[in-house]
Amino acid sequence: MLHYCSLEPLPSQHVKIPDWFIAIISENDYRSWVKELKQRYLSARLKASIDANRTLLGYYWSLGRDIADKQYANTYGSGFYKTLSHDLRSEMPEEKGFSESNIRYMYRFISFILNYLRIFHRVWKILLRQIFYRV
């Protein structure tokens, strides 16, 4: 019986593959298996990349929301974005994406979405009133 996943360490000497095992697995089967392993690896790597991007987008969203909630951006000419960009870059010098313009875009994006939702909510209330409360 073959065990594909074992917790025991591999022996240090070269292990001879039995002839019956070679007879079972042909060269084409082996090649297709290697291609399948490659595809599974690429798929897992893509999934990890998507998950990482989703998490970063969530962080950028929350940063923009924090700026909007605390209304730091309301004082024109205060240099807030420049200071925040400098401070974040100082705290995380190896990370990218914290330029002054990127932080400004994070705030603008959340502001746009929140304004859109407020307008949508008002329009929805008006439509519901006209549909259900016609006199």
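Which residues does serine 85 touch, not counting residues up to four places away in sequence? I opened the notebook with this question and worked outward from the answer.

**Entry 1: Serine 85**

I noted at the outset that the model is predicted. I looked up the neighbours of serine 85 and found Phe98, Ser99, Glu100 and Ile103, with residues up to four places away in sequence left out of the count. I then located serine 85 itself, which lies in helix α3, residues 80-91. Its relative accessibility is 4%, so serine 85 counts as buried, the cut-off being under 20%. I also looked for a partner of its side chain: the side chain of serine 85 reaches the backbone oxygen of phenylalanine 98 at 2.6 Å. Phe98 thus appears both among the residues touched and as the owner of that backbone oxygen.

**Entry 2: The packing of α3 and α4**

I next turned to the two helices. Two packed helices are described by the angle between their axes and the distance between the axes. For α3 and helix α4 (residues 100-132), I recorded an angle of about 115° and axes 8 Å apart. The range from 65 to 115 degrees counts as roughly perpendicular, and α3 and α4 are therefore placed in that class. I recorded their crossing as right-handed. On the α3 side, the contact is made by Tyr81, Lys82, Leu84, Ser85 and Leu88. On the α4 side, Glu100, Ile103, Arg104 and Tyr107 take part. Serine 85, the subject of my first entry, is one of the α3 residues in this contact.

**Entry 3: Asparagine 115**

I stayed with helix α4, where asparagine 115 is found. Is asparagine 115 buried or partly exposed? I found a relative accessible area of 39%, so asparagine 115 is partly exposed. I looked up its side chain as well: a polar contact of 2.7 Å joins the side chains of asparagine 115 and arginine 118.

**Entry 4: Aromatic pairs**

How many aromatic pairs does the structure hold? I recorded nine aromatic pairs. The rings of tyrosine 30 and tryptophan 33 have centres 6.0 Å apart and planes at 50°, so I entered the pair as tilted. Tyrosine 30 and tryptophan 33 are three residues apart in helix α2 (residues 27-70), which means that about one helical turn separates them. I checked the accessibility of each partner. Tyrosine 30 is partly exposed at a relative accessible area of 38%, and tryptophan 33 counts as partly exposed at 45%.

I then looked up phenylalanine 80 and tyrosine 81, whose aromatic pair is edge-to-face, with 5.4 Å from centre to centre and 65° between the planes. Phenylalanine 80 counts as buried at 17% relative accessibility. Tyrosine 81 counts as buried at 8%. Tyr81 had already been entered as part of the contact between α3 and α4.

I also found that Tyr59, Tyr60 and Phe98 form one aromatic cluster. Phe98 is a residue that serine 85 touches.

**Entry 5: The protein as a whole**

Finally, I looked up the overall features. The protein has four helices and zero strands, and its pattern along the sequence reads α-α-α-α. Buried residues make up 13% of the 135 residues; serine 85 counts as buried. Among contacts between residues at least 6 apart in sequence, 47% join residues at least 24 apart.

Notes. Residues numbered from 1 in each chain as written. Predicted model: local features only at pLDDT ≥ 70, side-chain atom pairs only at ≥ 80, totals over all residues. Heavy atoms only, no water. Phe/Tyr/Trp six-rings, centres within 6.5 Å; stacked < 30°, edge-to-face > 60°. Helix = DSSP H or I, 4+ residues; strand = E, 2+ residues; numbered from the N terminus. Buried < 20%, exposed > 50% of the residue type's maximum accessible area, 1.4 Å probe, protein only. Polar contact = N/O pair within 3.5 Å; in protein donor to acceptor, adjacent residues only side chain to side chain. Contact = heavy atoms within 4.5 Å. Axes fitted to C-alpha atoms, helices over the stretch in contact; angles between N-to-C directions. Parallel < 35°, antiparallel > 145°, perpendicular 65-115°, else oblique. Left-handed = near helix turned anticlockwise from the far one by under 90°.
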